[in-house]
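Let's take a walk through this one, from a surface patch to the core and on to the charged pairs. Have the viewer open as you read.

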Amino acid sequence: MEFIVQTNNLTKRFGKHTAVSAINLKIRKGEVYGFLGPNGAGKSTTIRMLLGLMKPTYGSIRIFNEDLNKNRIKILKQVGSLVENPSYYPHLTAYENLEALRKILGAPKSRIEEVLAIVRLSDVANKKVKSFSLGMKQRLGIAAALLHSPKLLILDEPTNGLDPNGIIEMRNLIRRLPKEYDMTVLISSHILSEIDQIATSVGVISKGSLIFQGPIEEMRKKANPKIRITVNEPQLAYQSLLANGIQVDSQNQHLYLSEQTDNEVAKAVKCLIKNDFSVYRVEEEKQSLEDIFLQMTKEGNLQ
Amino acid sequence: MIGKLLQADFIKIKRKGFWLLSFLGAFGVVGLQIVNYSLRYDWLIQQSDDKWLYYLYNVHSFTAMALVLGIVILTSLIASVEDETNAWKQLIALPVSKMTVYLSKFTVLATLLFISSTLLAIFTFSYGLFLDLGEPVPYIEILKFSFYPYCASLPILAFHLWIATVSRNQGIPITFGVIGCIATYLAYVLPDWVIWKWPTLMNDWNDPLMNVWLGIGFGILLYFIGMFDFIRRDVK
């Protein structure tokens with residue numbers, strides 16, 4: 001399997017504080033890799049190291065199968081990035097901002113119009129960026145990251161501070177990129193639901209350590225669904241079910257079946273009805289990805 | 001690589017007053033003599049037999065101060081262009097070496113100051129002609145009084161670019177700037193090793209060329225110290 005990004009025991013210390021501890025990221029070609037973790041978990045530090053903005057204390061980074069330390073400039077020619085809050089020159093127009101970057105990147109001049117169209121800023125190309133809304137500035141940041149048609153796009157918290165509309169817009173934009181432009185995307189966030197719908201793989205970081213990495217389906221599998229039954233007299237029903245040899249838990253006036261096969265559920269319901277309980281609800285309770293994420297980061301904190 | 005970065009840097013300094021300041025610096029120095037000579041021409045013109053040289057000394061008395069002030073403002077301004085939205089992280093994440101980024105900033109400022117010094121020569125010459133200070137026109141002296149201070153101030157430029165780019169707070173370089181301006185003002189009482197004295201072209205040997213060589217030598221040294229410190233640091 002071809003890895004676009006691969007880190008080996010990547011570690012960063014600030015004095016005595018370890019911000020990132022022995023991380024082994026593996027990002028495959030064509031993936032949208034969601035890099036998740038609470039604020040201060042080390043996401044930004046990791047991303048800054050991937051871009052060569054910070055030097056690792058220990059460990060190595062390989063991007064496009066080349067050592068970042070040795071071939072930084074060659075690698076960065078194919079990497080577009082947006083790190084945290086968007087950077088721009090407020091006294092210049094959107095066009096001039098991109099032109100200044102284009103000069104350095106050596107991209108063709110026509111690319112500016114193209115990327116402005118992709119992020120839908122063509123109409124305001126000649127307005128100064130200081131008059132832009134945060135969402136527009138964020139989109140300009142994406143346009144800048146796309147200027148040289150990179151093969152790897154690294155976005156650090158691209159939806160930070162955006163309103164719901166802006167978030168949806170950004171999400172749709174990012175979703176289009178891998179398909180339409182053959183890119184691999186690394187996107188970090190502290191809110192799982194933001195990237196839940198666009199990521200194909202996730203890495204979860206907590207207190208500087210990677211506590212989960214894999215396809216998003218695998219993370220969903222951890223979401224142990226349960227069958228919850230609501231009846232008129234939970235305590236009596238609980239005893240009655242146990243007496244009939246059915247595995248069940250009682251919590252907060254609800255019954256939870258441990259076995260979830262159709263057969264087991266039918267058996268439990270039949271038993272309840274036979275014993276004259278009123279069954280109000282039989283429902284499947286799924287732990288949301290958010291809950292799994294919270295649980296994971298909590299466990300991470302306990303270690 | 002450096003060419004592309006320079007082009008980008010010249011786009012970034014648009015509408016920030018860099019060009020205006022470069023003009024005003026040179027114009028201000030000669031402007032003060034325009035005021036001076038308009039008010040008391042008759043008295044000034046009798047002060048020396050060499051009217052041109054006397055005039056050049058008058059102009060020169062403000063050149064060093066204007067240079068130091070200009071360096072402080074321009075370096076802080078160029079750092080603030082990147083600091084404002086922390087564009088350093090965007091700039092350094094581009095396929096460029098940090099060394100070239102630093103060299104480009106230095107080159108932009110050195111160019112602006114050079115243009116300012118050239119304007120100073122032109123303004124000095126023009127107003128001198130207007131005053132009808134007599135023949136022959138001391139072309140060489142005019143050029144010396146315009147470009148020697150420039151060369152002698154290179155260490156101050158290198159020093160200020162260094163602290164302006166690595167400080168998170170522009171208060172630090174501005175504080176050094178204020179101290180530097182006072183030092184330049186009091187140059188005649190200061191020892192020769194103080195770099196802020198150099199642009200005044202005063203020294204114990206009475207040889208202005210000494211300041212030029214010292215300026216270029218220490219300018220290069222301080223430039224490299226600043227550049228390596230800039231490269232060594234993680235980006236804010």
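## Met202 and its greasy neighbours

B:Met202 sits in the loop between α8 (171-185) and α9 (208-232) of chain B. Keep in mind that this is a predicted model. With a relative accessibility of 34%, B:Met202 counts as partly exposed, because that label covers the range from 20% to 50%.

B:Met202 also belongs to a nonpolar surface patch of about 810 Å². Its partners there include B:Ile174, B:Val178 and B:Ile182, along with B:Tyr185, B:Leu186, B:Tyr188 and B:Val189.

## Two residues on helix α9 of chain B

Helix α9 of chain B holds B:Leu221, and B:Phe224 lies in that helix too. B:Leu221 is partly exposed at 47% relative accessibility, and B:Phe224 gets the partly exposed label at 39%.

Each has a partner far off in the sequence to look at. The C-alpha atoms of B:Leu221 and B:Phe159 are 9.8 Å apart, with their positions 62 residues apart along the chain. For B:Phe224 the partner is B:Met99: 125 residues apart along the chain, with C-alpha atoms separated by 9.7 Å.

## The nonpolar cores

Now for the inside. In soluble globular proteins, nonpolar side chains tend to be buried together. Here the largest nonpolar core has 134 residues, and A:Leu51, A:Leu98 and A:Met219 have the most contacts inside it. The top contributor to this core is helix α5 (residues 98-131) of chain B, which supplies eight residues. There is also a second, separate core of 19 residues; among its members are B:Val29, B:Val30, B:Leu131 and B:Phe145.

Which residues touch A:Leu98, once its neighbours within four places in sequence are set aside? The contacts are A:Ile112, A:Val115, A:Leu116, A:Leu140, A:Ala143, A:Ala144 and A:Leu147.

## Helix α5 of chain B and what follows

Helix α5 of chain B has 34 residues and runs 49 Å from its first C-alpha to its last, close to the 50 Å expected at 1.5 Å a residue. Just after this helix, B:Asp132 adopts a positive phi of about 55 degrees.

A cis peptide bond links B:Glu135 to B:Pro136, with omega at about -10 degrees. B:Pro136 is located in the loop between α5 and α6 (139-152) of chain B.

## Positive phi in chain A

Chain A has a couple of backbone oddities to check as well. A:Glu157 is not a glycine, yet has a positive phi of about 50 degrees. You'll find A:Glu157 in the loop between β8 (152-156) and α6 (164-181) of chain A, and at 7% relative accessibility it counts as buried.

A:Asp276 is another residue other than glycine with a positive phi, near 70 degrees. The loop between α10 (262-274) and β15 (279-285) of chain A is where A:Asp276 belongs. Is A:Asp276 buried or exposed? At 68% relative accessibility, A:Asp276 counts as exposed.

## Salt bridges

Over all chains, the structure holds 26 salt bridges. One of them pairs the side chains of A:Arg48 and A:Glu84, at 3.0 Å from N to O. A:Arg48 is in helix α1 (residues 43-50) and A:Glu84 in the loop between β7 (79-82) and α3 (94-105) of chain A, so this pair ties together parts 36 residues apart in sequence. A:Arg48 counts as buried at 7% relative accessibility, whereas A:Glu84 is partly exposed at 29%.

Another salt bridge joins the side chains of B:Arg15 and A:Glu96 (2.9 Å, N to O). This pair crosses between chains, going from the loop between α1 (2-12) and α2 (18-44) of chain B to helix α3 of chain A. B:Arg15 is partly exposed at 44% relative accessibility, while A:Glu96 is buried at 12%.

Then there is A:Glu169 with A:Arg120, whose closest N and O atoms are 3.1 Å apart. A:Glu169 is in helix α6 and A:Arg120 in the loop between α4 (110-118) and α5 (134-146), so to speak distant parts of chain A, 49 residues apart. A:Glu169 is partly exposed at 28%, and A:Arg120 is exposed at 53%. Finally, salt bridges with shared partners join A:Glu99, A:Arg102, A:Lys103 and A:Lys109 into one network.

Notes:
Residues are numbered from 1 along each chain as its sequence is written. Chains are lettered from A and ligands numbered from 1 in the order in which they are written. This is a predicted model: local features need pLDDT of at least 70, side-chain atom pairs count only at pLDDT 80 or more; totals for chains, interfaces and linings use all residues. Side-chain values use heavy atoms; hydrogens and water are left out. A nonpolar core is a set of buried Ala, Val, Leu, Ile, Met, Phe, Trp, Tyr and Cys residues joined through side-chain atoms within 4.5 Å. Buried means under 20% relative accessible area, exposed over 50%, partly exposed in between (1.4 Å probe, protein chains only). Helices (H or I, at least four residues) and strands (E, at least two) are DSSP runs, numbered from the N terminus. Contact means heavy atoms within 4.5 Å. Patches are made of residues with over 30% relative accessible area and no salt bridge: like charges are joined within 9 Å, nonpolar side chains (Val, Leu, Ile, Met, Phe, Trp, Tyr) within 5 Å. Accessible areas come from the Shrake-Rupley method with a 1.4 Å probe; for residues, only the protein chains shown count as cover. A salt bridge is a side-chain nitrogen of Lys or Arg within 4 Å of a carboxyl oxygen of Asp or Glu. The expected span of a helix is 1.5 Å times one less than its number of residues.
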